[in-house]
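Biologist: Could you walk me through the labels on this structure? I would like to see how each label follows from its cut-off.

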Amino acid sequence: MTSQLTEVRWHARGGQGAVTAAKMVAELAVERGKHFQAFPEYGPERSGAPIVAFTRISDEPIQTYSPVEHPNVILVLDPTLISSIDVVEGASEQAVVIVNTEQTPDDIKKDHDFGNVRLMTVAASKIASETIGRNLPNTPMVGAVAKATGLFGLEEVQDHMRQSFGKKFSEKVVNGNLEAVRRAFEEVKE
Amino acid sequence: MAQTEAKTLAITGNGAVSLAMKQVDPDVVAAYPITPQTDVVQNFSQYVANGDVKAEFVTAESEHSAMSACIGSAAAGARTMTATSSAGYALMVEVCFVAASMRLPIIMTTVNRALSGPINIHCDHSDSMLGRDSGWLQIYNEDAQEAYDATVMSFPIAEHKDVRLPLMNMYDGFIISGAIGPLKPLSAEQVQEFIGQAPDYPRLLDAKNPVTMGPFDGLHGWYFEQKIAQNIAMDNALDVIQDTYDRFYELTGRRYEHLMKYRMDDAEIAVVVANSAAGNARAIVDKLRNEGIKAGVIKLRTFRPFPVKQYAEALADVKVVGVMDRADSFGAPGGPLYMEVLTSLYQEGQCAKAVNFIYGLGGRDVFPQNIEDVYRRLDAIAKGEQDAPRERVYVNTKGM
């Protein structure tokens, strides 16, 4: 594996929009001229059930289709999953873990041993409720990913959203999402 | 070469094939719209609802009926497509034999998924391998781009006057069908120009030139000779497929062959593998080559007709070949691909050592380490450190 390969694992519950967000990250990678892949771990899809999805981003064409074993970015859309699933399983050294929670990284470390990872938190659900009007943490998480990994700039993410959401949603919804991304980008805590 | 600089889309494997179907805009799509159907057909139904295509879209009450509708449609001279997967394909198979014997160039996508039981919806190649004797052309594809390209290339192959056979395109269920990957599509105009008009052929519902199709053959009819004719058409298809691949290369710069060789020139050990696992194999070959191990990969594309001579040539100087099957043939000497490859070698008088690896049944993951283990074993056999096992080697099993 080359050093330019970013492997992302998403932990969420069905209905939180993890697959949509994984697709958005893939589309952002295309716009950067990078190679990408995004896929869920398949199983019966029920609203509220724990799900896992993966995204790979690379400078080189991607020819491995197996699930990500050693992610360097781990995104947890529902903080209650931390108690039931080992979200840092297989994490590569210095992996970035971003948890959607109003707690600080230090709060979480008190109760959970995450080893050597760089733990960050962002209140994605709260931000989504305040900006979009619904608890949809997926778009703010993409903002947090941009900030934490440096893979994309804030404006890039917002431009992409304007284009892809602009066709489908009202201006109010689009603006809510843009604001959600901006706040998440700025409010990530490490 | 008029290479096109198309915009790259982020799209699922199924989305890519639906897009190709939209650009082809066949006369008729007849399909079963419920599980185990994939969203290839769902996406297409949206194109129909949005008025993006002119195709007559027929939803049938079973896969058996869907293929029967395709047969009627194609016999009437309509360019006909459908899609299926898994147990849905199994239900179709009876009438698939009829489609082939009536020499109807129906184009079908079969998303490779397991057959029950235990009940399992995940990827393996049991479904399409079930139909390997049905008389359909079979092309296997690694990723969304290949599946898209194959869909476009299907028409000049299947409709060619020397072939006139139905054709099915495969790619891995979920791993490719549901994964979002890159696709460089052609324009609809390019697709239309490439596939052209379907050549004229005797058809039903032509009152001025009446023909009989698919009748009762009687006790002393021509059934036997009809079967021989199907085999001749299969033989003819080998050249027609390659000619079509070559013409596609002129258009897109994307090169296809019956089998895709990777670092095979001086290879001493090689793996033959189909669909998405081929990517993993190439990555492992690069790693082993850095260690000085002369390893290569042959990726299956054309399975029906089976390109015997091409396999024999590609493996002529290989000491040990590992054939990886994602389907099994219970009680047979090995999996379907293994038996084809070994027969090809035998027919050409070659006797490389061969090992059959069965992997990925029912969606069992195949990790890079699993493929590396396969190559390490082949290397040990090539070096005389191990004997080649005659029995199947199962990859990444539990509790065995």
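What follows is a conversation about helix packing, cysteines, burial and backbone geometry.

Modeller: Happy to. This is a predicted model, where local features need pLDDT of at least 70, side-chain atom pairs count only at pLDDT 80 or more, and totals for chains, interfaces and linings use all residues. Residues are numbered from 1 along each chain as its sequence is written, chains are lettered from A and ligands numbered from 1 in the order in which they are written, and side-chain values use heavy atoms, with hydrogens and water left out.

Biologist: Why is H3(B) called roughly parallel to H4(B)?

Modeller: The axes of helix H3 (residues 63-75) of chain B and helix H4 (residues 86-101) of chain B cross at roughly 30° and come within 7 Å. Angles under 35 degrees count as roughly parallel, over 145 as roughly antiparallel, 65 to 115 as roughly perpendicular, and the rest as oblique. H3(B) is therefore roughly parallel to H4(B). The axes are lines fitted to C-alpha atoms, for helices over the stretch in contact, and angles run from 0 to 180 degrees between N-to-C directions. Helices (H or I, at least four residues) and strands (E, at least two) are DSSP runs, numbered from the N terminus.

Biologist: Which residues of H3(B) and H4(B) meet?

Modeller: Contact means heavy atoms within 4.5 Å. On the H3(B) side the residues include Met67(B) and Ile71(B), and on the H4(B) side they include Leu91(B), Val95(B) and Cys96(B). By class, this contact of H3(B) with H4(B) has 9 nonpolar, 3 polar and 2 charged residues. Here Ala, Val, Leu, Ile, Met, Phe, Trp, Tyr, Cys and Pro count as nonpolar, Asp, Glu, Lys and Arg as charged, and the others, Gly among them, as polar.

Biologist: And what makes H1(A) and H5(A) oblique to each other?

Modeller: Helix H1 (residues 18-31) of chain A and helix H5 (residues 138-149) of chain A pack at an angle of about 40°, with axes 9 Å apart. That angle falls in none of the named ranges, so H1(A) and H5(A) are oblique to each other. The contact is made by Thr20(A), Ala21(A), Met24(A), Val25(A) and Leu28(A) of H1(A) together with Asn138(A), Thr139(A) and Val142(A) of H5(A). Sorted by class, the residues of the contact of H1(A) with H5(A) are 5 nonpolar, 3 polar and no charged.

Biologist: How do you know that Cys70(B) is in no disulfide?

Modeller: A disulfide is a pair of cysteine sulfur atoms within 2.5 Å, and by this rule the count is 0 over all chains. For Cys70(B), the nearest cysteine sulfur belongs to Cys96(B), 9.1 Å away. Cys96(B) is likewise in no disulfide, its nearest cysteine sulfur being that of Cys70(B).

Biologist: What makes Cys70(B) buried?

Modeller: Buried means under 20% relative accessible area, exposed over 50%, and partly exposed in between (1.4 Å probe, protein chains only). Cys70(B) has 0% relative accessibility, so it counts as buried. Cys96(B) is buried too, with a relative accessible area of 0%.

Biologist: Why is Thr6(A) called buried?

Modeller: Because its relative accessibility is 14%, Thr6(A) counts as buried. Thr6(A) lies in strand S1 (residues 6-13) of chain A. Leaving aside neighbours within four places in sequence, its contacts include Ile57(A), Val73(A) and Leu151(A).

Biologist: What makes Met153(B) buried?

Modeller: Its relative accessible area is 1%, so Met153(B) is buried. Met153(B) sits in helix H6 (residues 144-158) of chain B. Not counting residues up to four places away in sequence, Met153(B) touches Phe194(B), Tyr245(B) and Arg301(B), among others.

Biologist: Why do you single out the phi of Phe174(B)?

Modeller: Phi of Phe174(B) is near 65°, a positive value in a residue other than glycine. Phe174(B) is in the loop between strand S7 (167-172) and strand S8 (180-183) of chain B. At 18% relative accessibility, Phe174(B) counts as buried. Asn275(B) also has a positive phi, near 60°, and at 0% relative accessibility Asn275(B) counts as buried.

Biologist: Which peptide bonds are cis?

Modeller: One of them runs from Ser116(B) to Gly117(B), with omega near 0°. Another joins Arg304(B) and Pro305(B), where omega is about -5°. Pro305(B) is in the loop between strand S12 (302-304) and helix H10 (308-314) of chain B.
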